[in-house]
Amino acid sequence: MHIVILGLGPSLQEYVNIVKRLGDRKVFADEVYAINAVGSVIQCDKVFHMDDVRIQEIRAEKRPESNIAKMLGWIKSHPGPVFTSIKHPDYPGLVEFPFEEVINSLGYAYFNNTAAYAMAYAIHMGATKITLFGCDYTYPNAHDAEKGKGCLEFWCGYAAARGIKLSVAKVSSLLDAYVPFDQKHYGYDLVNLKFSTENGHTSVDFTPRETLPTADEIENRYDHDLHPNEMMNA
């Protein structure tokens, strides 16, 4: 079962481009999980909004024109399922996340953001492949990373250890997906690596590069001023 998780980051556009070419989202994946406001933008099977709506209502009352207030409006009329922490009678589509069931199934209770809950739920539900778009934790005109990236990457590693195939948007900062292939293996700057797998064993061929990088090219790789989302550096 192929499950797609859609976050709010800029690489969400990559999912849109893929499915519009295919003509039907079901050709690409079996189920789509949407995080927060994405549930009102893109057709999906399940929405994850783990914030307690009572907390969100306090925020919305203070800022009635905010995106939080607008999001509560459609969640209130959404048929569900909208997975959340605690149900509320004014929001009939809300479904409580099966917290105890999931942590007993997976063995960990490490969740500091909504996407991590969605990822753990997909693992719990028996996904054989999980693809993530928009789970970037960096946004246009913002060099400060949103918290939660490490937690979601923990669950990605957990999924991989279970043999679940993972795919991440090419321009996402998640799992350093945006990093060029020849820069993904720290320390091997002066050789080209070629991987081949046969009978479950992976071999690596090390071929020396003919030319050395310049000092500027080397320093550019250590440039921490570049935005961690590749879309912002274009």
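Two strands are taken to pair if DSSP finds at least two bridges between them. In this predicted model, strand 8, which covers residues 191-198, and strand 9, which covers residues 201-208, are paired in the antiparallel sense over eight bridges. One of the bridge partnerships links Thr197 to Thr202 in strand 9. The two strands form a hairpin with two residues between them, and Asn199 lies in the turn.

The backbone of this turn deserves a closer description. Most residues other than glycine have a negative phi, and most peptide bonds are trans. Asn199, in the loop between strand 8 and strand 9, has a positive phi near 55 degrees although the residue is not a glycine. A positive phi is also found at Asn36, where the value is near 50 degrees, and this residue is placed in the loop between strand 2 (31-35) and strand 3 (46-48). The surroundings of the two asparagines can be stated in terms of accessibility: Asn36 has a relative accessible area of 15% and is therefore buried, the limit being under 20%, whereas Asn199, at 79% relative accessibility, counts as exposed because the value is over 50%. A cis peptide bond, with omega about 0 degrees, joins Gly80 and Pro81, and Pro81 is situated in the loop between helix 4 and strand 4 (82-84).

Helix packing is considered next. Two packed helices are described by the angle between their axes and the distance between the axes. Helix 6 (residues 114-124) packs against helix 7 (residues 149-161) at an angle of about 10 degrees, and their axes are 8 Å apart. Because angles under 35 degrees count as roughly parallel, helix 6 and helix 7 are described in that way, and their crossing is left-handed. On the side of helix 6 the contact involves Ala115, Ala116, Met119, Ala120 and Ile123, which meet Cys151, Leu152, Trp155, Cys156, Tyr158 and Ala159 in helix 7. Sorted by class, this contact comprises eleven nonpolar residues, with no polar and no charged residues.

A second helix pair is formed by helix 3 (residues 53-62) and helix 4 (residues 67-77), whose axes come within 8 Å and cross at roughly 130 degrees. This angle makes helix 3 oblique to helix 4, and the crossing of these helices is left-handed. Val53, Gln56, Glu57, Arg59 and Ala60 in helix 3 meet Ile68, Ala69, Met71 and Leu72 in helix 4, and the residues of this contact divide into six nonpolar, one polar and two charged.

Terms used
Residues are numbered from 1 along each chain as its sequence is written. This is a predicted model: local features need pLDDT of at least 70, side-chain atom pairs count only at pLDDT 80 or more; totals for chains, interfaces and linings use all residues. Side-chain values use heavy atoms; hydrogens and water are left out. Helices (H or I, at least four residues) and strands (E, at least two) are DSSP runs, numbered from the N terminus. Axes are lines fitted to C-alpha atoms, for helices over the stretch in contact, and angles run from 0 to 180 degrees between N-to-C directions. Angles under 35 degrees count as roughly parallel, over 145 as roughly antiparallel, 65 to 115 as roughly perpendicular and the rest as oblique. A crossing is left-handed if the near helix is turned anticlockwise from the far one by less than a right angle, and right-handed if clockwise. Contact means heavy atoms within 4.5 Å. Ala, Val, Leu, Ile, Met, Phe, Trp, Tyr, Cys and Pro count as nonpolar, Asp, Glu, Lys and Arg as charged, and the others, Gly among them, as polar. Buried means under 20% relative accessible area, exposed over 50%, partly exposed in between (1.4 Å probe, protein chains only).
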